[in-house]
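This briefing introduces selected features of one protein model to a reader who is new to structural description. Please examine the sequence and the three-dimensional view before reading the points that follow.

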Amino acid sequence: MEPLRLGFIGAGEMATFAVLPALHFAPIRLHAVCDLDEERAKAAAGTFGAPRWHTDYRRMWEEEDLEAVVVQMHPRPRQPIVLEALEAGLHVFAPKPPAPSLEATIELSEASKRAGRTLMVNFERRFSFGVTQARAVMAEHSFGGLTQLLCSFCSGAYDECRGRDYDGPVHAYVLDFAVHHLDLARYLGGEVRKLSLFHHEREGRIALAVALEFQSGAVGTLQLNSERIWWRNYDLMEITGHGEYVVLDGLWSLRRYSGELNTFTENYSDQRSGELTGDGVALIEFVKAIREDREPIASIHDSVETMRLYQAIYDAVLEGRDGVIPI
């Protein structure tokens, strides 16, 4: 496959910790890195094999022969750059959340359609080792179809640093963190027919109990809160079919239970690997979708529905509404 000619905007912590190290998994040729901090841009370019660096993203895509850009920034400052990149004829790979709000996500979806360019959102947990294996089990006849999904995704408190560019710690947690499992609930369970919510909030920390009814008739429960601690395995999922179920404790391993066999598949415990977390596989999907002229998994259009769940939950939290809420 012909390597994708790529420019990278943003050389901050998540870029250098997660996404730039994962580029080598995909057929990508990194032409340049751009950051307002010249030393940071230069260091990232040198570390990850880009021949040039820039401090002006417009100059980068004017001077470099690019097909696509990664825009690794917070959602608010990222929004106008993504719109500009699409208008300039570039494909775009962006982190979650896709935008600051559902309305802004729809704006990106429409811009992607007008430009005829791919905009993929890096909901990397979709591509993680555990979720990929779970989807394969769910596709087997013996699993018998989903009956119930349980997701637990809890973090520590959002402080001023983690909550930067958000409307306070609750907004930051729901949009920056909990949105991962809102997306996984859709990816594993299908579209949501009905949603019910109860929540507790204290001193900028929030606990959410969310019940879902999927269009298939299956049900789901989401435990989401920012009352715990950071730097641990956050993801816990139990996926129940007719007579079989799968447990994911973290995203690197899978335990499958059935009446006939128990299969325990453990992977090595690397805490940040592009193969296991999904970043590398997501980048591969981005390139393949462009080369095959199709929508990628986790496209901006698909992400609109994840953001619709987010917006319904966040609006209910702001307005103090519990119980069944419309989507």
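In what order do the 6 strands of the open sheet lie, and is their pairing parallel or antiparallel? The order is E3-E2-E1-E4-E5-E6, and the strands pair in the parallel sense. The model is predicted, and the points below treat its sheet, one of its helices and several backbone features in loops.

**The sheet**

- At the edges of the open sheet stand strand E3 (52–54) and strand E6 (119–122), each of which pairs on one side only.
- From one strand to the next, the twist averages 25°.
- Edge strand E3 is joined to strand E2 (residues 28–34) by 3 bridges in the parallel sense.
- Within this pairing, Ala-32 has Arg-52 of E3 as its bridge partner.

**Helix H7**

- Helix H7 (169–189) follows a loop that begins after strand E7 (148–154).
- H7 contains 21 residues and spans 28 Å from its first C-alpha to its last, which is close to the 30 Å expected at 1.5 Å a residue.
- The helix is not straight throughout, since H7 bends by about 55° at Ala-178.
- H7 is mostly covered, with 20 of its 21 residues buried.
- Just after H7 comes Gly-190, whose phi is positive at about 90°.

**Backbone features in loops**

- Most residues other than glycine have a negative phi, and most peptide bonds are trans, so exceptions to either pattern deserve a separate note.
- Asp-165 is not a glycine, yet its phi is positive at about 75°.
- Asp-165 is found in the loop between strand E7 and helix H7.
- Is Asp-165 exposed, partly exposed or buried? Asp-165 counts as partly exposed because its relative accessibility is 31%, a value between the limits of 20% and 50%.
- Asp-293 is another residue other than glycine with a positive phi, here near 55°.
- The loop that holds Asp-293 runs between helix H9 (279–291) and helix H10 (300–319).
- Asp-293 counts as exposed because its relative accessibility is 72%, and the exposed class begins over 50%.
- The peptide bond from Lys-96 to Pro-97 is cis, with omega near -15°.
- Pro-97 belongs to the loop between strand E5 (91–95) and helix H5 (102–115), and E5 is one of the strands in the open sheet described above.

Terms used:
Residues are numbered from 1 along each chain as its sequence is written. This is a predicted model: local features need pLDDT of at least 70, side-chain atom pairs count only at pLDDT 80 or more; totals for chains, interfaces and linings use all residues. Side-chain values use heavy atoms; hydrogens and water are left out. Helices (H or I, at least four residues) and strands (E, at least two) are DSSP runs, numbered from the N terminus. Buried means under 20% relative accessible area, exposed over 50%, partly exposed in between (1.4 Å probe, protein chains only). The expected span of a helix is 1.5 Å times one less than its number of residues. The bend at a residue is the angle between axes fitted to the seven residues ending there and the seven starting there. Two strands pair if DSSP finds at least two bridges between them. Axes are lines fitted to C-alpha atoms, for helices over the stretch in contact, and angles run from 0 to 180 degrees between N-to-C directions.
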